[in-house]
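Colleague: Got a minute to go through some helix packing with me? I'd like to hear the reasoning behind each label.

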Amino acid sequence: MHCKKNAFNALYSQELRASLWRSFYVAVATLTLGYYNASLSWSFYKQRGDFLNDYYFPLWTTQAPLYLLLSCAILPAYAFAAERKRGGFDVLSRFPTSTQTVILAKISAVLTLSVAACALLLAACFAFDFFRAAPLSTTLLAQVVDAEGALNVDALWRFSVCLFASLELLCWSAFLGTRIRRGSLAATAAVAAPCCVWAVLGVLFDPQTLQRATEFPPILAPIVCLVAGLSNFFQYDFYIELRALVCLVPLYGIYRLCRRDGATTAFNLPI
């Protein structure tokens, strides 16, 4: 037990250091996308009002959910694919480490970085309130409560959709990262797999989605189906259950890896 704990701590610390820069790049991409989204809104409304106060700051609280989605899709894929490409950890030659410990340590490190970055992004809302000389937590509370002080149902819906989608992305990213050596290809596949599931379920539960998709250019039709699949979260019976069942596919793949005792068998599979 003590040896297993030492192995977990070593792998966890190593993965934190290895994923730190990847997490930073994801954060930069998140902020860039947020700024681009605010710029589009500002241009769409013909540049009325102040850009920072009226467009950028209100969208700031959406950066944490977006970062969570991107990190759950990208970080695990790169973490596992990098180890497969190298043939495993050097520290594993010193400690008899099981595959379960390897997977748990990597996922724990990715989740730690994701939670820490989301906390920093949310804490930045207080800095923006201080910069605008507004009461603290104004920016944050504006997204979760309505004008009467009651909980915003739309905010609860967005939080539920983001959390469940992040879990799906995490499962697919961890599984595909153990099957694909190239990190960029593993991350792309990890995003594509759940997106295809969401698009198919969007059409399956709402047949009118295909009709709405024909009203847009062909390149945007898959996005319409994808958005429909995500927005049906609370609208149909057995919708959440079906998405959870599909998510069992990557979980079963991870389980099969964990059944292979020994560290080398999990990360040195044939291409």
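What follows is a chat about how one helix packs against its neighbours.

Modeller: Quick caveats: this is a predicted model, where local features need pLDDT of at least 70, side-chain atom pairs count only at pLDDT 80 or more, and totals for chains, interfaces and linings use all residues. Residues are numbered from 1 along each chain as its sequence is written, and side-chain values use heavy atoms, with hydrogens and water left out.

Colleague: What makes up the protein chain, in helices and strands?

Modeller: Eleven helices and zero strands. Both are DSSP runs numbered from the N terminus: helices are H or I with at least four residues, strands are E with at least two. As for burial, 41% of the 271 residues count as buried, meaning under 20% relative accessible area with a 1.4 Å probe, protein chains only; exposed is over 50%, and partly exposed lies in between.

Colleague: How do you know that α7 has close to its expected reach?

Modeller: The expected span is 1.5 Å times one less than the number of residues. With 23 residues, α7 reaches 33 Å from first C-alpha to last, against 33 Å expected. Its buried residues include Ala187, Pro194, Trp198 and Phe205.

Colleague: Why is α7 called roughly antiparallel to α10?

Modeller: Helix α7 (residues 183–205) and helix α10 (residues 239–258) pack at about 150 degrees, axes 11 Å apart. That angle makes α7 roughly antiparallel to α10: the label needs over 145, while under 35 degrees is roughly parallel, 65 to 115 roughly perpendicular and the rest oblique. Axes are lines fitted to C-alpha atoms, for helices over the stretch in contact, with angles from 0 to 180 degrees between N-to-C directions.

Colleague: What makes the contact between those two?

Modeller: On the α7 side, Val197, Trp198, Leu201, Leu204 and Phe205; on the α10 side, Tyr239, Leu242, Arg243 and Val246. Contact means heavy atoms within 4.5 Å. By class, α7 with α10 gives eight nonpolar, no polar and one charged residues. Here Ala, Val, Leu, Ile, Met, Phe, Trp, Tyr, Cys and Pro are nonpolar, Asp, Glu, Lys and Arg charged, and the others, Gly among them, polar.

Colleague: And why are α6 and α7 oblique to each other?

Modeller: The axes of helix α6 (residues 153–177) and α7 cross at roughly 135 degrees and come within 8 Å. That value falls in none of the named ranges, so α6 and α7 are oblique. Their contact has eleven nonpolar, two polar and one charged residues.

Colleague: Why do α7 and α9 count as roughly perpendicular?

Modeller: Here the axes of α7 and helix α9 (residues 221–231) cross at roughly 80 degrees and come within 7 Å. The angle sits inside the perpendicular range, so α7 and α9 are roughly perpendicular to each other. Cys195, Trp198, Ala199, Gly202 and Val203 in α7 meet α9 residues, among them Pro222, Cys225 and Leu226. The α7 contact with α9 divides into nine nonpolar, two polar and no charged residues.

Colleague: How do you know whether Pro207 is buried or exposed?

Modeller: Pro207 is in the loop between α7 and α8 (208–213). Its relative accessibility is 60%, past the cut-off, so Pro207 counts as exposed.

Colleague: Then what does Tyr255 count as, and why?

Modeller: Tyr255 is in helix α10. At 45% relative accessibility, between the two cut-offs, Tyr255 counts as partly exposed. From Gln100, Tyr255 is 155 residues away in sequence, yet 8.7 Å away in space, C-alpha to C-alpha.
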